[in-house]
Amino acid sequence: MRDFLRKVFLADLFEGLWVTLRAQHPKNIVTEQYPAARPKVAERYRGAPRLNINPENGETLCIACDLCALACPENLIVVGWERNPETKRKELTTFTYDTSRCMFCGLCEDACPVDALELTQDFELASYSREGQIFDRQMLEEGIHPTPYKH
Amino acid sequence: MPETFLDSTELVLNMGPQHPSTHGVLRVILKLDGEKVMGTECVIGYLHRGVEKIGENRTYAMFNPYVDRMDYVAAVSNGLGYCLAVEQLLKVEAPPRAQVVRVILTELNRIASHLLWLGTHALDVGALTPLFYCMREREDVMNIYEKYCGARLTTHAFRIGGLIYETYQGFEQECLEFCDKLLPRIDEYEELLTANRIWQKRLVNVGVLTAEECKDYGVTGPMLRAAGVKWDLRKAQPYSGYETYDFDLPTRTNADSFDRYIVRLEEMRQSVRIIRQGVGRLEVGPVMAKVPKVIKPPIGEAYVSIEAPKGELGYYIVSDGSTQPYRVRVRPPSFVNLQSLDKMCRGGLVADVVAIIGTIDIVLGEVDR
Amino acid sequence: MADDPKPEGTPTPESAPAPKPEAPPAEAKPEAAPAEKPAAPAAKPAPKPAAPKPPPVMETEPWEGELPDALKAEFGEQITGFLTYVGQSFLTAQVGAAVPIIQYLKHEWGFDYLVDVTATDDPAKPERFELVYILYSFSRNERIRVKARVKEGDKPPSAVPVHTTADWLEREVFDMFGIEFEGHPNMKRILMPDEWQGHPLRKDYSILGMDQKWVQDNLGIESGQ
């Protein structure tokens, strides 16, 4: 009998509708207004790569050990270096990082012994051409400059 | 009516590969007699990337991120299976703390995978709203992943021998908060769907696959449990310390799409139980076992399988003693489960095909690898 | 991938590990293919050459118990070995006996779930393929593997009449290795396109390898790389 009445008065449908209506309250809205509002990105986020520089003297932290290039599953890092004849140390000349093939696994970051290479919280990596996906040393040190959104 | 009035020969209909309800790039060739399905044939491989071949050409550590890309809605489970298989070959075991974190993250992953399944399955069947709610809850899991390892979907959270990331500040609390939040939400989904007459009409007695047929087709996971077989690798052959957790295996007996829905919802509740127990067990300790820098397992082979959200996910790895695996075979649950589609669809209606594809819970990235 | 411009000197992702397929069998199993041995150290990231010590082998232990005894009585010489490695038991059998063994195990011992059918390839051996059937028993909660070596061109019997699961799994083995199964109801490619030439998971198929003609005809591009 109860089942019959529930069926006649569409109780099952109204129960469902009540759930839907409850979620309409403004405090339940969870949509982020990107790009007008910036999303909060976690501290450990693996986004755009960056080559860190020493803040004191502006020199690169990279010691050109090539470990990141060896650790990379996609072989997309190329480290160029030359030996300084005075100090007999390797010095970084070029650094190319092809983000178009990168899967942001973080293995290069793990391999880096001096915390020079880092995947940062920048996530806006789109570009108009494939060349734009290949980061050179300058870009890696300065970071990406996404076009800011205007209303 | 004379038979010649309408041409009553079989009609061949292509469903997919660009069809919203095939969850990716599955193409099903349907042979129809009117609305009745006389036979189906799956055409797969559109997403084939040759993961197994890639595995043979990468070192053990390098291959780890690739496995995330097979079942991308349950990337953590994939990673766990792979790490366990290599650990078995190396004969090492992850430290206790790492195992607890692994269990917590894998169970969160199970919830996320089931939530996505529920949302998309409901969408296929005609209920639009649950998708938004499920995505909302799934977002919390994704946020935990993002905070824990820096990626949301293809996480690369585990490493061979343990973990590379320590849990972040407030990890335990966020997990518990999520659990507290999820349980009433699951009740909400039930309110929306379980008693709903349209939902029942579309799912009850649709896509029946009995226990015997399940075993014959090698179907595992929630589909097997919905057929009444109380079997789960977490209980049958426990790994990562699952034998010490207290949880139940939900089973049903009707073996239809509706029962699979109930089983999956109940599994989410059980996962919440496991997460709560796991959070209580987090003790200070190392998270990485002693693993050589260059991973070189001795010559040998091992098959290790885990209970992924979709069924038994196995890795069969052959090592020849070098730094790269000689052969990596993935036993994908989606691929094997999809095979039973023909059996379930035969004799049903066209509209049921959509519901049945949904109920198998496939991810084409895993079917095609 | 070819059309994305790369800076000079960027290696393609596959170029470094590509020589691998020939190298590992030569180093791991030195009794075969000694001609390729000098190439092995160059292809390895680890610079150590193969040690002159006796070659390492898989440290297996014999598998003993009720089940192997019963199998031995039933199949005799057709089963060539019962072994265990890291607690996982497997048996090696002659290829003709594989399906009867699976059938026997299913009906007499309750191994009612065929988990996986796969293969490995070792071109250096005369019987280059090794078929691997992974079986599980719900009642015994036990998992075993049945392995059988297959020559190139041989047609092993299909396991589909015993386990329906084998249908797609055997098709995948055919697709990836080119092993045709006798008596399979629908022996055609499953993952690769039907007209594709070559079998990708064979060791002599380079990771950069592809069916150039198929790619040009069907995709309208010069190369898939």
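**A buried threonine and its surroundings in chain B**

B:Thr155 is buried, as 25 other C-beta atoms lie within 10 Å of its own. The model described here is a predicted one, and this threonine offers a convenient way into it. B:Thr155 sits in the loop that joins helix H5 (129-149) to strand S4 (158-159) of chain B. Beyond the neighbours within four places in sequence, B:Thr155 is in contact with B:Asp68, B:Ala75, B:Val76, B:Gly79, B:Tyr145 and B:Cys149. By contrast with these contacts, the C-alpha atoms of B:Thr155 and B:Ile299 are separated by 29 Å, with the two positions 144 residues apart along the chain.

One of the contacts of B:Thr155, B:Gly79, also takes part in a meeting of two helices. Helix H2 (residues 60-67) and helix H3 (residues 75-90) of chain B pack with their axes 8 Å apart and at an angle of about 155°. Because angles over 145 degrees count as roughly antiparallel, H2(B) is described as roughly antiparallel to H3(B). Their crossing is right-handed. On the H2(B) side, B:Tyr60, B:Asn64 and B:Val67 take part, and they meet B:Asn78, B:Gly79, B:Tyr82 and B:Val86 of H3(B). This contact brings together 4 nonpolar and 3 polar residues, with no charged ones.

Elsewhere in chain B, 3 strands form an open, antiparallel sheet in the order S1-S2-S3. Strand S1 (11-15) and strand S3 (36-43) are the edge strands, each pairing on one side only. Neighbouring strands are turned against each other by 25° on average, direction ignored. S1(B) pairs with strand S2 (residues 27-33) over 5 bridges, and B:Leu11 has B:Leu32 in S2(B) as its bridge partner.

Across these three strands, S1, S2 and S3 of chain B, lies helix H14(B), which runs at about 150° to S2(B). H14 (residues 350-360) has 9 of its 11 residues buried, so this helix is largely enclosed by the rest of the structure. Among the buried residues of H14(B) are B:Asp352, B:Val353, B:Gly358 and B:Ile360. Just after the helix, B:Asp361 adopts a positive phi of about 65°.

Finally, chain B also meets a partner chain: 42 of its residues are in contact with 39 residues of chain C. Helices H1 (51-56), H8 (211-217) and H12 (333-338) of chain B, together with strands S6 (300-308), S7 (311-319) and S8 (327-331), each supply at least two residues to the side that touches chain C. By class, this side of chain B has 14 nonpolar, 14 polar and 14 charged residues.

Methods: Residues are numbered from 1 along each chain as its sequence is written. Chains are lettered from A and ligands numbered from 1 in the order in which they are written. This is a predicted model: local features need pLDDT of at least 70, side-chain atom pairs count only at pLDDT 80 or more; totals for chains, interfaces and linings use all residues. Two residues are in contact if their C-beta atoms, placed from the backbone, lie within 7 Å. Helices (H or I, at least four residues) and strands (E, at least two) are DSSP runs, numbered from the N terminus. Ala, Val, Leu, Ile, Met, Phe, Trp, Tyr, Cys and Pro count as nonpolar, Asp, Glu, Lys and Arg as charged, and the others, Gly among them, as polar. A residue is buried if 20 or more other C-beta atoms lie within 10 Å of its own, exposed if 12 or fewer, and partly exposed in between; C-beta atoms are placed from the backbone. Axes are lines fitted to C-alpha atoms, for helices over the stretch in contact, and angles run from 0 to 180 degrees between N-to-C directions. Angles under 35 degrees count as roughly parallel, over 145 as roughly antiparallel, 65 to 115 as roughly perpendicular and the rest as oblique. A crossing is left-handed if the near helix is turned anticlockwise from the far one by less than a right angle, and right-handed if clockwise. Two strands pair if DSSP finds at least two bridges between them.
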